[in-house]
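Please look first at the sequence and the structure shown here, and then follow the paragraphs below, which go through charged side chains and aromatic rings in turn.

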Amino acid sequence: MRSSNTIVRTERKPFDLPRYDEIALVLQGGGALGSYQAGVFEGLAHAGVEPHRIAGVSIGALNTAIIAGNEPARRVEALRGFWESICHPVDWFGNLGSLALPLLGHHELSRRWASMWAAGRALVEGQPGFFAPRRPLPIAGWHRELPTSVSYYDTAALKATLQRFADFDRINDGPIRVSVGAVNVRSGNLVYFDNAKMRLEPEHFMASGALPPGFPAVEIDGEYYWDGGLVSNTPLTEVLRDADHKDTLVFQVDLWSASGQAPANFMDVAERAKDIQYSSRTRAVTNMLADRQKHARFIKELLERVPAEARRSDPLFQLAETVADGSSINVVHLIYKNKPYEGHYKDYEFSADTMKEHWSSGLDDIRASFSHPDWFAVPSREQGFVTHDIHRRAGEVPESDRAGLSAGASGQVELPRKVA
């Protein structure tokens with residue numbers, strides 16, 4: 001593995017986290033926006049926060065491979081090397097527009113120009129070490145092709161890039177549990193490749209990011225797989241599937257914002273539709289977890305009305321007590337916020353300048369989150385499930401409240417008091 005020579009090292013300042021049974025990092029899919037997640041991780045690393053588990057989808061899976069595939073002291077360096085290797089610097093034509101337009105008074109347009117041009121280059125040229133245009137393209141209806149070759153781009157270069165920046169022996173034998181989501185093309189089912197259950201290779205991570213029709217399906221053990229974001233772009237449920245009876249802290253890093261402005265033109269419509277499509281399952285999962293904790297509290301209050309002898313002797317009541325015990329889950333939610341110059345192409349705009357802006361945004365957001373140490377307290381069993389988001393405006397009604405749950409400003413679910 002080769003490292004970037006442009007790393008700026010900063011002093012670690014450990015953040016005093018309370019005791020959690022598990023610290024998890026959840027990384028959503030979002031293409032070029034994924035450098036925001038790298039910035040968030042840099043903030044976690046500088047604070048001395050070590051995840052026990054990472055789950056990723058698509059670009060989140062690629063970031064997962066780099067993090068889990070390096071020793072703690074080299075993870076940020078490897079992430080930066082990976083992102084610098086797959087992003088284009090601005091070329092002369094992009095620079096020409098971004099420099100000339102401000103002279104004519106079009107400052108905002110200049111940044112949009114550079115961004116649009118970089119996205120156009122990605123479509124025409126691909127990205128180094130990531131994907132390249134497939135030539136010639138398969139001709140529709142001419143003859144049947146394998147799923148691994150029916151795509152606009154070839155991702156063969158990505159395997160070498162992953163092997164360059166990640167040690168797969170460490171991924172499989174290291175201390176971090178890794179889960180990456182992909183969709184079985186034949187069955188349509190979402191599956192998670194998990195290093196606790198199998199040995200993970202570059203193909204498992206490539207499959208998680210194989211978004212059709214741009215990227216080809218990846219064959220693993222005779223089956224073909226596409227991007228996990230086709231079914232669920234946020235692997236939060238996979239992390240919390242085993243969270244019963246655990247105090248769990250989750251850093252959930254999303255690349256698509258559910259809230260946004262009403263579109264004013266066709267380009268805005270395309271961008272807004274992507275935001276809603278890829279963020280919606282985050283809202284559904286959060287609401288489901290809050291609802292689950294509420295039901296556990298209901299069961300617990302009902303059991304308090306059952307005689308102790310019956311609870312000890314009846315297996316059904318014993319099972320109910322297990323369910324009612326539940327878990328304490330704290331989700332610190334970090335959501336990338338769109339830049340004014342971005343459009344519907346933001347997930348394939350891989351310019352080096354934009355990558356650095358995304359990275360800085362992620363670093364700023366996690367640092368701002370750490371400025372609220374009270375957010376990291378372990379929720380009580382009575383609270384059960386809480387969420388925090390640095391971008392949530394004061395007084396804003398959380399999404400879970402809109403879904404019919406009663407929630408406080410921090411996202412804390414308030415459950416009914418015991419009936420007298």
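A charge is said to sit over a ring if NZ of Lys or CZ of Arg is within 6 Å of the ring centre and within 35 degrees of the ring normal. In this structure, which is a predicted model, Arg-80 lies over the face of Trp-359, at 4.2 Å from the ring centre.

Charged side chains also pair with one another, and a search of the whole structure finds 21 salt bridges. One of them joins Arg-19 to Asp-247, with the closest N and O atoms 3.4 Å apart. This pair links distant parts of the chain, since Arg-19 belongs to the segment before β1 (22–27) while Asp-247 belongs to strand β9 (residues 247–254), 228 residues apart. The two partners can be placed by their accessibility: Arg-19 counts as exposed because its relative accessibility is 54%, whereas Asp-247 counts as buried because its relative accessibility is 10%.

A salt bridge also forms between Arg-53 and Glu-238, whose closest N and O atoms are 3.9 Å apart. Here too the pair links distant parts of the chain, with Arg-53 in strand β2 (residues 53–57) and Glu-238 in helix α9 (residues 236–240), 185 residues apart. Both Arg-53 and Glu-238 are buried.

Within a single helix, Glu-309 and Arg-312 form a salt bridge in which the closest N and O atoms are 2.9 Å apart. Both residues lie in helix α11 (residues 308–313), where they are 3 residues apart, or about one turn of the helix. Arg-312 counts as exposed because its relative accessibility is 55%. Elsewhere, salt bridges that share partners join Arg-53, Arg-177, Asp-194, Glu-238, Arg-241 and Asp-242 into one network.

Turning to the rings, the structure holds 18 aromatic pairs. Among them, Phe-130 and Phe-131 form an edge-to-face pair, at 5.1 Å centre to centre and with 75° between the planes, and both of these residues are buried. Phe-131 also pairs with Tyr-153: the ring centres are 5.1 Å apart and the planes stand at 80°, so this pair is edge-to-face. The pair of Phe-131 and Tyr-153 links distant parts of the chain, from the loop between α5 (107–125) and β3 (132–133), which holds Phe-131, to strand β4 (residues 153–154), which holds Tyr-153, 22 residues apart. Tyr-153 is buried, as is Phe-131. Ring pairs link Phe-130, Phe-131 and Tyr-153 with Phe-215 and Phe-350 into a cluster.

Technical notes
Residues are numbered from 1 along each chain as its sequence is written. This is a predicted model: local features need pLDDT of at least 70, side-chain atom pairs count only at pLDDT 80 or more; totals for chains, interfaces and linings use all residues. Side-chain values use heavy atoms; hydrogens and water are left out. A salt bridge is a side-chain nitrogen of Lys or Arg within 4 Å of a carboxyl oxygen of Asp or Glu. Helices (H or I, at least four residues) and strands (E, at least two) are DSSP runs, numbered from the N terminus. Buried means under 20% relative accessible area, exposed over 50%, partly exposed in between (1.4 Å probe, protein chains only). Rings of Phe, Tyr and Trp (its six-membered ring) pair if their centres lie within 6.5 Å; planes under 30 degrees apart count as stacked, over 60 as edge-to-face and the rest as tilted.
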